[in-house]
Amino acid sequence: MSAAPRFARIAVPSPLPRHFDYCLIAGEPVPEPGTRVRVPFGRQEVTGVVLGVAMESNLPREKLKSIRRLLDVEPLLSPTLMELLVWASAYYHHPIGEVMATALPVLLRRGLPAAAAGEKCYALTDAARQLPPDAFKRSPLQQRLVQTLSQHGEGLKAAALAEVAENWRDAMKRLEARGFIRVSEEPCLPPKPPGRHSAPQLTTAQEETGA
């Protein structure tokens, strides 16, 4: 049985044309290439991309710092893309850390979660439904929003609310701050149905041509 790796080679966003070795976190999973980690770099903490892991480092262990946090369970960058980025770094003589950082969206470079935000849905709370009809008579826009939402118990999304008023967002924020609006967020992608899935049925023409 081979020994477990002890170090990770990290691409840190810096003008230095090389990667940096860091000690792995004891008890944590070994990070896969293409995942992000938070590491100390100088006097700050930055987000780096794992290039790989190794048993040995060119520097003594006592001179190496440890990874602070693992940010991803699965790689954000595929092996093919990683290979391309490493090639581009060498070909254009550009620091590997900056090349890897450029391949990530801004929020991911900052270490934020790699999750796509779903579309928000706005609905009235029970407290709002118990208010008298003229509760918002001094705020005509808020009243229009409340009246519209009262007819849609499941709530409405931004596109529908924009048809009520173009400047609906500020009024909605005020209603939410007062506890009259419940905001939910739908999944960005529909969940995969459980079980096995059969291949799509081919048409007669596809079967004949082998398409």
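**Notes on the predicted model: helix α5, two sheets and a pocket**

1. Let me start with α5 and its surroundings. The elements that cover the buried residues of α5 include β6 (120-124), α4 (126-129), β7 (156-157), α6 (158-164), α7 (168-177) and β8 (181-185). Keep in mind that this is a predicted model. The buried residues of the helix are Leu141, Gln142, Gln143, Leu145, Val146, Thr148 and Leu149.

2. Two of those residues deserve a look of their own. Gln142 sits in helix α5, and it counts as buried because its relative accessibility is 6%, where the cut-off for buried is under 20%. Leaving out residues up to four places away in sequence, Gln142 touches Phe136, Ala171, Arg174, Leu175 and Arg178.

3. Then there's Thr148, also placed in helix α5, which spans residues 140-150. Buried or partly exposed, at 19% relative accessibility? Thr148 counts as buried, since 19% falls under the 20% limit. Setting aside neighbours within four places in sequence, Thr148 is in contact with Leu156 and Val164. Leu156 belongs to the β7 range (156-157) and Val164 to the α6 range (158-164), both among the elements covering the buried residues of α5.

4. On to the sheet that supplies some of that cover. Three strands make an open sheet, ordered β7-β6-β8, with antiparallel pairing. β7 and β8 are the edge strands, each pairing on one side only. Between β6 and β8, which run antiparallel, there are five bridges. If you want a spot to look at, find Lys120, which stands opposite Glu185 in β8.

5. The other sheet has five strands. It is open as well, with the order β2-β1-β4-β3-β5 and antiparallel pairing. At the edges are β2 and β5 (69-70), each of which pairs on one side only. As a general reminder, strands of a sheet pair through backbone hydrogen bonds, either parallel or antiparallel.

6. I'd spend some time on β3 here. What share of β3 is buried? Six of its six residues are, so to speak, under cover: the strand is mostly covered. Arg36, Arg38 and Pro40 point one way from β3, while Val37, Val39 and Phe41 point the other way, and all are buried. Note the two arginines in the first of those groups.

7. How is β3 held against its neighbours in the sheet? Six bridges join β3 to β4 (residues 44-54), and the two run antiparallel. Pro40 has Glu45 as its bridge partner in β4, and Phe41 has Gln44. The hairpin of β3 and β4 has two residues between the strands, and Gly42 there takes a positive phi near 65 degrees. Towards β5, two bridges join the strands, again antiparallel. Arg38 stands opposite Arg69 in β5, so we have an arginine facing an arginine across the strands, with Arg38 buried because it falls under 20% relative accessible area.

8. Just past β4, check Met55. Met55 lies in the loop between β4 and β5. At 31% relative accessibility, Met55 counts as partly exposed, because that class runs between 20% and 50%. Met55 and Phe7 are 48 residues apart along the chain, yet their C-alpha atoms are separated by 6.2 Å.

9. Now the largest pocket. It holds about 300 Å³ of space. Which residues come closest to its centre? Of the 16 residues that line it, these are Arg18, Phe20, Asp21, Leu59 and Leu64. β2 (20-23) and β3 (36-41) each supply at least two residues of the lining, and the largest share, three residues, comes from β2. By class, the lining has six nonpolar, four polar and six charged residues. So an edge strand of the five-stranded sheet, β2, gives this pocket the largest share of its lining, counting strands as DSSP runs.

10. Finally, the whole chain. There are eight helices and eight strands. Of the 211 residues, 34% count as buried. Among contacts with a separation of 6 or more, residues 24 or more positions apart account for 68%. The chain exposes about 14,500 Å², and carbon and sulfur atoms supply 54% of that area.

Methods. Residues are numbered from 1 along each chain as its sequence is written. This is a predicted model: local features need pLDDT of at least 70, side-chain atom pairs count only at pLDDT 80 or more; totals for chains, interfaces and linings use all residues. Side-chain values use heavy atoms; hydrogens and water are left out. On a 1 Å grid over the protein atoms alone, a cavity is a set of points where a 1.4 Å probe fits but cannot get out, and a pocket is an open set with protein on both sides within 12 Å along at least five of seven lines; lining residues have an atom within 4 Å of a point. Grid points are joined across faces, edges and corners, and a volume is the space filled by probe spheres set on the points. Helices (H or I, at least four residues) and strands (E, at least two) are DSSP runs, numbered from the N terminus. Ala, Val, Leu, Ile, Met, Phe, Trp, Tyr, Cys and Pro count as nonpolar, Asp, Glu, Lys and Arg as charged, and the others, Gly among them, as polar. Buried means under 20% relative accessible area, exposed over 50%, partly exposed in between (1.4 Å probe, protein chains only). Contact means heavy atoms within 4.5 Å. Two strands pair if DSSP finds at least two bridges between them. Accessible areas come from the Shrake-Rupley method with a 1.4 Å probe; for residues, only the protein chains shown count as cover.
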